[in-house]
Amino acid sequence: MKKIYIGLSLCFLLVSCGSSFQGFYNNHKADMGTTSFQVPNFMKAVLSQISPEVKHAIGNISDLKFIKFDALSKFKRESLIAEMNAVTNSGYTDVFRKNDVVNTRIISVKELGVVVTDAIIFNSTENETTAYYLQGNFDPEKIKSLADEDAFGEFSNSLMQSYNTNINPSFNP
């Protein structure tokens with residue numbers, strides 16, 4: 001009986017967040033232990049200043065959202081994975097999906113012809129869960145390359161470093 005109750009709670013949770021990345025982001029951006037950012041329209045110029053390495057890795061970005069969860073319980077991690085499955089099942093095509101106890105990695109895209117227009121890059125380990133939402137015009141092969149754990153880590157670090165540098169200008173001459 002307990003499993004049925006948990007399953008029903010999870011179903012309610014999935015319905016309440018909606019099946020969009022924005023819904024997922026809005027539901028969790030204020031969670032304790034969460035780091036998140038999205039780039040509003042007035043900051044779109046920041047996206048044009050992203051490092052050449054990141055631009056080369058993915059292409060032109062018109063929208064960017066990021067959320068990272070630290071110190072998750074097993075239940076919280078499982079519910080985040082279930083929510084992301086619901087999001088990526090609503091009009092996205094999986095480029096890569098790895099589901100195991102230690103690591104769940106999902107790369108799902110929406111396409112217009114041969115161009116990727118939306119990408120969700122989700123990675124969940126026992127220590128940390130991160131999710132990116134990117135909108136723009138991307139090379140599908142470059143998005144697919146992020147399935148490699150080292151490439152994903154390098155991309156994440158470069159993007160975070162570039163974003164932080166561009167929104168936190170130095171006041172030193």
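## A tour of the charged side chains

Select Arg-77. This residue is buried (under 20% relative accessible area), yet Arg-77 has no salt bridge (a side-chain nitrogen of Lys or Arg within 4 Å of a carboxyl oxygen of Asp or Glu). The nearest side chain of opposite charge is Glu-126, 5.1 Å away. Here Lys and Arg count as positive and Asp and Glu as negative; His and the chain ends are not counted.

Before moving on, note that this is a predicted model, where local features need pLDDT of at least 70, side-chain atom pairs count only at pLDDT 80 or more, and totals for chains, interfaces and linings use all residues. Residues are numbered from 1 along each chain as its sequence is written, and side-chain values use heavy atoms, with hydrogens and water left out.

Stay with Arg-77 and show its helix, H5 (residues 74-88). Helices are DSSP runs of H or I with at least four residues, and strands are runs of E with at least two; both are numbered from the N terminus. Which residues touch Arg-77, leaving aside its neighbours within four places in sequence? Among them are Leu-72, Asp-100, Asn-103, Glu-126 and Thr-129. Contact means heavy atoms within 4.5 Å.

Next, look for salt bridges. How many does the structure hold? There are five.

Select Asp-31 and Lys-76. Their closest N and O atoms are 2.8 Å apart, in a salt bridge. This pair links distant parts of the chain, 45 residues apart. Asp-31 sits in the loop between helix H2 (21-28) and strand S1 (34-38), while Lys-76 is in helix H5. Asp-31 is partly exposed (between the 20% and 50% limits, with a 1.4 Å probe and protein chains only), at 22% relative accessible area. Lys-76 is partly exposed too, at 24%.

Now pick Arg-97 and Asp-94. They form a salt bridge, with the closest N and O atoms 2.6 Å apart. Arg-97 counts as partly exposed because its relative accessibility is 28%. Asp-94 is partly exposed at 36%.

Move to Asp-100, one of the contacts of Arg-77. The side chain of Asp-100 meets that of Lys-98 in a salt bridge (3.9 Å, N to O). Asp-100 is partly exposed at 36%, and Lys-98 at 31%.

Last stop: select Glu-154. Buried or exposed? Glu-154 counts as exposed (over 50%), because its relative accessibility is 57%. Find Glu-154 in helix H7 (residues 149-167).
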